[in-house]
Amino acid sequence: MIYLQLFWAFFQIGLFSFGGGYAAVPLIQNQIVEGNHWLEMSQFADLITIAEMTPGPIAVNSATFVGQQIAGLPGAIVCTLGCILPSFIIVLVLAWLYMKYRSLKVMQGVLTGLRPAVVAMIASAGLSLLSLALFNASLFDIQLSDFRVVEAVIFCICLVLLRKKKAGPILIIFGSGIVGTLVYCLMR
């Protein structure tokens with residue numbers, strides 16, 4: 001029964017996560033944390049961090065990780081298949097439709113209409129992760145007394161390095177991990 005639940009949860013994520021990895025984060029959170037209670041919110045933040053650091057799409061990495069945590073290797077396989085199967089079917093059908101009807105203005109209108117929704121989903125995921133990192137709370141449970149100064153400073157430095165200095169994301173990820181570890185070791 002757990003395999004069917006895992007497959008169905010990640011099938012839904014795979015089916016409705018238009019717009020790529022970050023657009024899928026709210027859907028993954030809804031299924032894993034709020035819907036099925038397989039992970040706590042802090043574990044979910046760790047999951048997103050691990051899924052982002054490992055090669056591959058964030059939804060597939062999340063599926064594999066959650067499946068492994070809940071039901072071992074068979075769970076990882078079931079979750080991963082559940083996550084990629086809808087995309088595989090959708091891409092097959094869309095490629096056929098696009099090749100057949102690509103010159104129609106309706107097709108161009110549909111693609112243009114999807115862009116704002118994708119941007120909103122990515123912004124929602126970013127805000128959720130930012131509030132969790134800076135306040136250790138969901139977006140609507142923020143209390144200023146819970147503000148984490150160290151994380152805010154690391155975030156600002158990383159943002160400047162990414163935007164102004166054009167530093168590579170891999171360097172930023174490893175560097176922020178090292179700095180955070182050193183700061184918290186020194187604070188103990």
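**Helices and cores in a predicted model**

This model is predicted. The protein chain has 7 helices and 0 strands.

Q: What makes the pattern of the protein chain α-α-α-α-α-α-α?
A: The chain holds 7 helices and 0 strands. Read along the sequence, that gives α-α-α-α-α-α-α.

Q: Why are helix 1 and helix 4 called oblique to each other?
A: Their axes cross at roughly 40°. Angles under 35 degrees count as roughly parallel, and 65 to 115 as roughly perpendicular. The crossing falls in neither range, so helix 1 and helix 4 are oblique. The axes come within 7 Å, and the crossing is right-handed.

Q: Which classes of residue make up the contact of helix 1 with helix 4?
A: The contact has 21 nonpolar and 5 polar residues, with no charged ones.

Q: What makes a set of residues the largest nonpolar core here?
A: A nonpolar core needs buried residues, such as Phe, Ile, Leu and Val, joined through side-chain atoms within 4.5 Å. The largest such set has 24 residues. Phe10, Ile28, Ile32, Phe44, Leu47 and Val66 have the most contacts inside it.

Q: Which helices supply at least two residues of this core?
A: Helix 1 (2-16), helix 2 (21-35), helix 3 (41-53) and helix 4 (58-101) each do. Helix 4 gives the largest share, 8 residues.

Q: Which residues does Phe44 touch, not counting those up to four places away in sequence?
A: Phe44 touches Val25, Ile28, Gln29 and Val33.

Q: What does the second, separate core include?
A: This core has 5 residues, among them Val150, Ile154, Cys158 and Ala167.

Definitions and conventions: Residues numbered from 1 in each chain as written. Predicted model: local features only at pLDDT ≥ 70, side-chain atom pairs only at ≥ 80, totals over all residues. Heavy atoms only, no water. Buried < 20%, exposed > 50% of the residue type's maximum accessible area, 1.4 Å probe, protein only. Helix = DSSP H or I, 4+ residues; strand = E, 2+ residues; numbered from the N terminus. Contact = heavy atoms within 4.5 Å. Axes fitted to C-alpha atoms, helices over the stretch in contact; angles between N-to-C directions. Parallel < 35°, antiparallel > 145°, perpendicular 65-115°, else oblique. Left-handed = near helix turned anticlockwise from the far one by under 90°. Nonpolar A, V, L, I, M, F, W, Y, C, P; charged D, E, K, R; others polar.
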